Amino acid sequence: MSEVWNKVYKSDSTFFGEEPSNFAMICFNHMKANNVKKVLELRAGHGRDTNFFASNDIEVDALDYSVTAVDILDKIVKEKKKAANKITNL
């Protein structure tokens, strides 16, 4: 099955879009109301929800069955850290 998702993410790295899912938004409101600071996200894909949670001060451990999706998410995280470091060092 991972081959199917690897193929999907290789052909379109933003298959589900860039914005967080509606489910993530609902979960985020619940997390904030209950002072959640850390989550484990399964089936993270390219990280649209992962990045949303992380940008809102929630520590995220993200996993996905697709190695390609994990590689894309890793690249996105590294780019965001690099950009943040440039801003911080000004």
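## A tour from the helix 2 and helix 3 crossing

Helix 2 and helix 3 cross with a right-handed turn. Start the tour there. Bear in mind that this is a predicted model.

**Stop 1: the helix pair.** Select residues 22-33 for helix 2 and residues 48-55 for helix 3. Their axes come within 11 Å. The crossing angle is roughly 25°. Angles under 35 degrees count as roughly parallel, and helix 2 and helix 3 are therefore roughly parallel to each other.

Now show the side chains where the two helices meet. On helix 2, pick A24, M25, C27, F28 and M31. On helix 3, pick D49, F52 and F53. Sort the residues of this contact by type: seven are nonpolar, none is polar and one is charged.

**Stop 2: F52.** Stay on helix 3 and centre on F52. Which residues does F52 touch, not counting those up to four places away in sequence? They are P20, A24, M25 and F28. Of these, A24, M25 and F28 belong to the helix 2 side of the contact you have just seen.

**Stop 3: the core.** Widen the selection to A24, C27, F28, M31, V39, F52, F53, I58 and V60. These nine residues make up the largest nonpolar core. Helix 2 and helix 3 each supply at least two of its residues. Helix 2 gives the largest share, with four. As background, nonpolar side chains tend to be buried together in soluble globular proteins.

**Stop 4: L42.** Go to strand 1, residues 38-42, and select L42. Is L42 buried or exposed? L42 has a relative accessible area of 56%. The cut-off for exposed is over 50%, so L42 counts as exposed. Next, draw a line from the C-alpha atom of L42 to that of S55. It spans 18 Å, for two residues 13 apart along the chain.

**Stop 5: T68.** Move to helix 4, residues 67-88, and select T68. T68 is buried, because its relative accessible area of 12% falls under the 20% limit. Leave aside neighbours within four places in sequence, and T68 is in contact with N6, Y9 and K10.

**Last stop: the whole chain.** Zoom out. The chain has four helices and two strands. Trace them along the sequence and the pattern reads α-α-β-α-β-α. The C-alpha atoms fill a box of roughly 35 × 35 × 20 Å along the principal axes. Of the 90 residues, 31% count as buried. Finally, take the contacts between residues at least 6 apart in sequence: 54% of them join residues at least 24 apart.

Key
Residues are numbered from 1 along each chain as its sequence is written. This is a predicted model: local features need pLDDT of at least 70, side-chain atom pairs count only at pLDDT 80 or more; totals for chains, interfaces and linings use all residues. Side-chain values use heavy atoms; hydrogens and water are left out. Buried means under 20% relative accessible area, exposed over 50%, partly exposed in between (1.4 Å probe, protein chains only). Contact means heavy atoms within 4.5 Å. Axes are lines fitted to C-alpha atoms, for helices over the stretch in contact, and angles run from 0 to 180 degrees between N-to-C directions. Angles under 35 degrees count as roughly parallel, over 145 as roughly antiparallel, 65 to 115 as roughly perpendicular and the rest as oblique. A crossing is left-handed if the near helix is turned anticlockwise from the far one by less than a right angle, and right-handed if clockwise. Ala, Val, Leu, Ile, Met, Phe, Trp, Tyr, Cys and Pro count as nonpolar, Asp, Glu, Lys and Arg as charged, and the others, Gly among them, as polar. A nonpolar core is a set of buried Ala, Val, Leu, Ile, Met, Phe, Trp, Tyr and Cys residues joined through side-chain atoms within 4.5 Å.
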